[in-house]
Amino acid sequence: MIRRRIFESEHEMFRTSVGRWADDVLVPHREEWLAAGSVSREAWKSAGENGFLCMWAGEEYGGAGMSDYRFDQILIEEITWREPGFFIHLHNRVIGPYLGKFATAEQKGRFMPGIVSGDTILAIGITEPGAGSDVAGLRCFAEEKVDHWVLNGTKTYISNGLLADLVVVAARTDRDNPYSMGLFLVERGMEGFSRGSGLKKLGLKSQDTAELFFDNVKVPKENVLGDPAKAFKYMMVGLAEERLTGAVSYVARAERAFAITLDYITERKAFGRPIGTFQNSRFKMAEMRTRIDACWAFVDHCTLEHLDGELSAETAAQAKLLTSETEGQVVDDCLQLHGGAGYMDEYEISRLYADARISRIYAGTSEIMKEIIGRNLGLDERRKG
Ligand SMILES: Cc1cc2nc3c(=O)[nH]c(=O)nc-3n(C[C@H](O)[C@H](O)[C@H](O)COP(=O)(O)OP(=O)(O)OC[C@H]3O[C@@H](n4cnc5c(N)ncnc54)[C@H](O)[C@@H]3O)c2cc1C
């Protein structure tokens with residue numbers, strides 16, 4: 001692995017303590033959570049007690065006031081392969097920041113302490129049965145009344161959907177303008193808010209992914225985040241960090257796949273010798289090592305850009321595209337090097353393989369990443385002719 005140059009000694013100390021915590025608190029429960037289709041609330045509480053939730057939040061809310069993204073990067077790198085269903089990164093660096101940036105002081109006072117302690121687990125509802133990549137195609141609608149909004153619609157594939165206590169829901173607020181949207185803070189127990197059972201899926205089986213239903217939910221005006229016509233813009237603001245956050249997890253899982261495969265091919269023998277000594281195995285491992293190192297270099301560059309407030313949507317899209325495609329190639333090659341064992345649930349590579357398939361789809365598909373990157377090259381379809 002290449003030498004990574006963006007971390008100081010305090011980051012490395014933090015890495016050691018997160019790794020120990022994850023080994024003690026997450027790893028022993030993996031089988032139980034896979035069967036349950038969800039991690040436990042206790043895991044979230046423990047993360048809160050150890051100060052791992054929304055570390056950027058101010059001390060007045062129980063946070064550490066630590067905005068240095070590298071600490072979150074380490075958290076993701078250490079947790080994502082130990083328990084892929086524990087979406088701490090979604091809570092900390094995708095949804096939490098919406099409150100950090102757009103909530104009023106009163107809203108922060110009401111919600112942030114629970115978000116930091118792990119009592120309030122977050123989810124975000126953008127995708128609908130009829131609209132995913134095309135956010136302007138949302139149907140979920142919120143109608144303004146005197147002191148509240150009435151929310152109607154369905155969201156699907158929502159991560160943390162069953163555990164969530166607070167869901168940030170994107171809904172249209174003007175029937176004539178698809179870009180006029182609001183973000184509504186829907187709380188567990190609000191009348192008219194219900195959830196389907198957990199969705200069965202190919203991988204990430206300990207992640208509770210669910211459908212959410214809103215049937216005339218009365219959302220008080222105090223639960224609207226920012227301007228109810230500007231959510232589209234707000235969502236664009238957070239995308240660079242969201243994609244970098246995804247990218248970190250994809251490389252970390254590719255790294256794990258590489259490590260366990262190196263061990264496997266060193267031990268496993270065929271034709272009287274370790275399979276790692278065949279030229280094909282050596283070449284495959286060499287290719288993967290090179291690709292993963294290139295990903296780390298690019299991700300770390302993006303982190304530095306982000307620390308300077310300079311990470312562009314296009315560069316973050318490149319990071320997401322590169323790392324998710326690399327993860328996909330790496331887990332496939334690693335599974336192949338495991339032979340039949342790689343197809344068995346009891347071997348970690350089979351789970352890494354299944355878990356990896358979604359990385360090229362959620363948080364914006366590879367095709368949408370290419371659109372964003374291509375548009376920045378001046379190759380916008382609207383300029384044809
Ligand atoms: C496990 C899981 C967890 C998720 N978690 C969440 C969550 O927490 N919150 C949330 O809101 N959503 C979540 N999602 C939804 C996810 O973000 C969407 O699935 C994703 O954005 C793709 O949308 P879609 O599924 O509607 O696919 P579609 O938009 O229907 O796309 C289908 C195919 O068409 C392609 N395509 C679409 N538009 C174009 C175009 N312009 N050019 C070229 N190709 C195009 C896509 O790339 C894709 O290959 C999750 C999904 C999964 C599976």
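What span should the 29 residues of helix 8 (residues 279-307) have at 1.5 Å a residue, and how far apart are its end C-alpha atoms? In this predicted model, the expected span is 42 Å, and the end C-alpha atoms of helix 8 are 42 Å apart, so the two values agree.

The buried residues of helix 8 begin with Ser-281, Met-285, Met-288 and Arg-289, continue through Ile-292, Asp-293, Cys-295 and Trp-296, and end with Val-299, Asp-300, Cys-302 and Thr-303. Charged side chains are thus included in this set, among them Arg-289, Asp-293 and Asp-300. The packing partners of these buried residues are helix 4 (69-79), helix 7 (231-267) and helix 9 (313-338). Just after helix 8, Gly-309 adopts a positive phi of about 70 degrees.

At the level of domains, the assignment divides the protein chain into domain 1 (9-120), domain 2 (124-229) and domain 3 (233-380). The centres of domain 2 and domain 3, taken over C-alpha atoms, are separated by 30 Å. Contact between these two domains involves twelve residues of domain 2 and nine residues of domain 3. About 790 Å² is buried between domain 2 and domain 3, and 76% of this area comes from carbon and sulfur atoms. On the domain 2 side, Ser-133, Leu-202 and Leu-204 account for 51% of the area buried against domain 3, more than any other three residues.

Polar interactions across this boundary were also counted. Zero salt bridges are found between domain 2 and domain 3, whereas two residue pairs are in polar contact, both at pLDDT 80 or more.

Key: Residues are numbered from 1 along each chain as its sequence is written. Side-chain values use heavy atoms; hydrogens and water are left out. Helices (H or I, at least four residues) and strands (E, at least two) are DSSP runs, numbered from the N terminus. The expected span of a helix is 1.5 Å times one less than its number of residues. Buried means under 20% relative accessible area, exposed over 50%, partly exposed in between (1.4 Å probe, protein chains only). Contact means heavy atoms within 4.5 Å. Domain bounds come from an automatic or database domain assignment. Buried area is the accessible area (1.4 Å probe) that two parts lose on being put together, summed over both. A salt bridge is a side-chain nitrogen of Lys or Arg within 4 Å of a carboxyl oxygen of Asp or Glu. A polar contact is a pair of N or O atoms within 3.5 Å; within protein, one must be able to donate a hydrogen and the other to accept it, and residues adjacent in sequence count only if both atoms are side-chain atoms.
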